[in-house]
Every structure is written in structure tokens, then in C-alpha cells.
Amino acid sequence: MCRITAAGKEAAVARFLQEFPQAPQYGRDHPALRGCDDVTWADFPGCPAGVPALMGGLLDPASASEAERVLWNVLMDSVFRLGPAMPAALPFLLRLAADPAVPVRAELVEVLFVVAELSHPVDGGSEQAIRFLGSDRDHPERARCRAVFSQHAELVRGLLDDRTLPDGLIPPDERASLLKAATP
């Protein structure tokens, strides 16, 4: 399975900051990102320290789309595997997705759906599922993400009931997956 290397993540953040040097300033005072600078992102295996700059970039109309793309790659270990920093990033992503003024809000809601799907427990009796997704024992970030969704269940329900989101953005199966992830 294609893995995203730590060096590749660092290089992507550096390219982003070179192209959008103003982006990190956007998140400095946004309430959804309070505490983001206090997280020692580089302590998570394979996670660059530049996560706060990417989070701030989500608020900058000029860089939001690229910030979302790079952040997604930084927080994932591969296409179907959450990275160890995802549980720490999830509260910020939930709060940003709840803000109608965020330029990539719809994309963040879609990211939350994928995180919810990938955080569900893997059937330990299914060799195929374990081979494809890995065991829950080897991926504690799944349980940690479920705990974050549960802690922020009110935000999840608010997103599901939000009439300012485009119609059809959250189809029934995605709605069910988000609710399941947010239910203890």
C-alpha cells in the first residue's frame, strides 16, 4: 500500500508555505484553532511541525484549497490509514467545519466523513479486513478518533442538521457513519 513518508509530508508543507507565506496568519485569532499552536505536532510519528500553518491556510480564501489537500496528506499515513496525529487534529477540523465562513467547509465535512469511516473498528475475525486496514491493536488512532467524535457529538449533530451546507452534501450513509463515530 502506498505510504506517505515523513520527508514527503515535510516537503509538501514547505512547498505550501513557499507558495502561500501569508496563510499561517489567518488562523492566529480564529476561535476554532485555539490551542492548535500548543500541540507539539512533530511529536507524532511522521507528522511535520507545520500543521498549524496548514490549519490557518484553511481560513485563507487564496490558499484554502491547497491547505486542505496538503493537510489531508499530512494527517494520513496512506489512502486508507489515519496518521497518528489525526486524533489531535480532529477537534480543530470539527470546529472549522462548523463555521460557515470557512472557504473549504464542504471539503472539510467530506474529510470528516472519511475520518469517521476509517475510525470504525475493524472486524477482528476478517483476515481480509485486517490485511487491508490493519488491526485495531496496531492502529490506536481509530479509537482515539472515535473518542474525539464522541466528545464533540454536539458539533457532529450540528453539522448534520446545518441547513447552510449544500443539499445532498451528506448522504444518508455518510450521516449514519458520522453518527456512529460520535456515539460512545
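1. Let me start with Glu66 and Arg69 in helix H3. These two are 3 residues apart in the helix, so they are separated by about one helical turn. Their side chains meet in a salt bridge, with 2.6 Å from N to O. An α-helix has 3.6 residues a turn, so residues three or four places apart point the same way. Glu66 counts as partly exposed, at 23% relative accessibility, and Arg69 is partly exposed too, with a relative accessible area of 42%. Please keep in mind throughout that this is a predicted model.

2. The structure holds 4 salt bridges, and another one worth a look joins Asp37 and Arg28. The side chains of Asp37 and Arg28 come to 2.7 Å, N to O. Both ends are partly exposed: Asp37 has 47% relative accessibility, while Arg28 has a relative accessible area of 45%. Side chains of opposite charge can pair when their charged atoms come close.

3. Which salt bridge partner does Arg105 have? The partner is Asp162, and the closest N and O atoms are 2.4 Å apart. This pair links distant parts of the chain, with Arg105 in helix H5 and Asp162 in the loop between helix H8 (153-161) and helix H9 (172-182), 57 residues apart. Are Arg105 and Asp162 buried or exposed? Both Arg105 and Asp162 are buried, which means that each has under 20% relative accessible area.

4. Asp162 also takes us to the largest pocket, as Asp162 is one of its lining residues. The pocket has a volume of about 160 Å³. Besides Asp162, the lining consists of Leu159, Leu160, Arg163, Leu165, Pro166, Asp167, Gly168, Leu169, Ile170 and Arg175. Sorted by class, the lining of this pocket has 6 nonpolar, 1 polar and 4 charged residues.

5. Next, the enclosed space. Rolling a probe the size of a water molecule over the atoms shows where empty space is left. How many cavities of 30 Å³ or more are there? The count comes to 1 cavity, and the largest cavity has a volume of about 50 Å³. Helix H3 (64-75) and helix H5 (105-119) are the elements that give two or more residues to the lining of the largest cavity. The largest share, 4 residues, comes from H3, the helix that also holds Glu66 and Arg69.

6. Looking at that cavity residue by residue, you will find Glu68, Leu71, Trp72, Leu75, Leu93, Leu108 and Val111 around it. By class, the lining of the largest cavity divides into 6 nonpolar residues, no polar ones and 1 charged. The charged residue is Glu68, because Asp, Glu, Lys and Arg count as charged.

7. Helix H7 is a nice one to view down its axis. Which residues of helix H7 (residues 141-151) are buried? They are Glu141, Arg142, Cys145, Val148 and Phe149. These residues cover an arc of only 120° around the axis, which puts them on the same side of H7.

8. His152 follows, in the loop between H7 and H8. His152 has a relative accessible area of 17%, so His152 is buried. Leaving aside residues up to four places away in sequence, His152 touches Pro91, Leu94 and Arg95.

9. For contrast, please also look at Gln25, in the loop between helix H1 (6-19) and helix H2 (51-57). Gln25 counts as exposed, at 52% relative accessibility; the cut-off for exposed is over 50%. In sequence, Gln25 and Gly56 are 31 residues apart, yet their C-alpha atoms are 6.5 Å apart in space.

10. Finally, the chain as a whole. The protein chain has 9 helices and 2 strands. Along the sequence, these elements follow the pattern α-α-α-β-β-α-α-α-α-α-α. Of the 184 residues in the protein chain, 48% are buried. Among contacts between residues at least 6 apart in sequence, 69% join residues at least 24 apart. The bridge between Arg105 and Asp162, 57 residues apart, also links distant parts of the chain.

Definitions and conventions. Residues are numbered from 1 along each chain as its sequence is written. This is a predicted model: local features need pLDDT of at least 70, side-chain atom pairs count only at pLDDT 80 or more; totals for chains, interfaces and linings use all residues. Side-chain values use heavy atoms; hydrogens and water are left out. On a 1 Å grid over the protein atoms alone, a cavity is a set of points where a 1.4 Å probe fits but cannot get out, and a pocket is an open set with protein on both sides within 12 Å along at least five of seven lines; lining residues have an atom within 4 Å of a point. Grid points are joined across faces, edges and corners, and a volume is the space filled by probe spheres set on the points. Buried means under 20% relative accessible area, exposed over 50%, partly exposed in between (1.4 Å probe, protein chains only). The arc is that of the directions from the helix axis to the C-beta atoms. Contact means heavy atoms within 4.5 Å.
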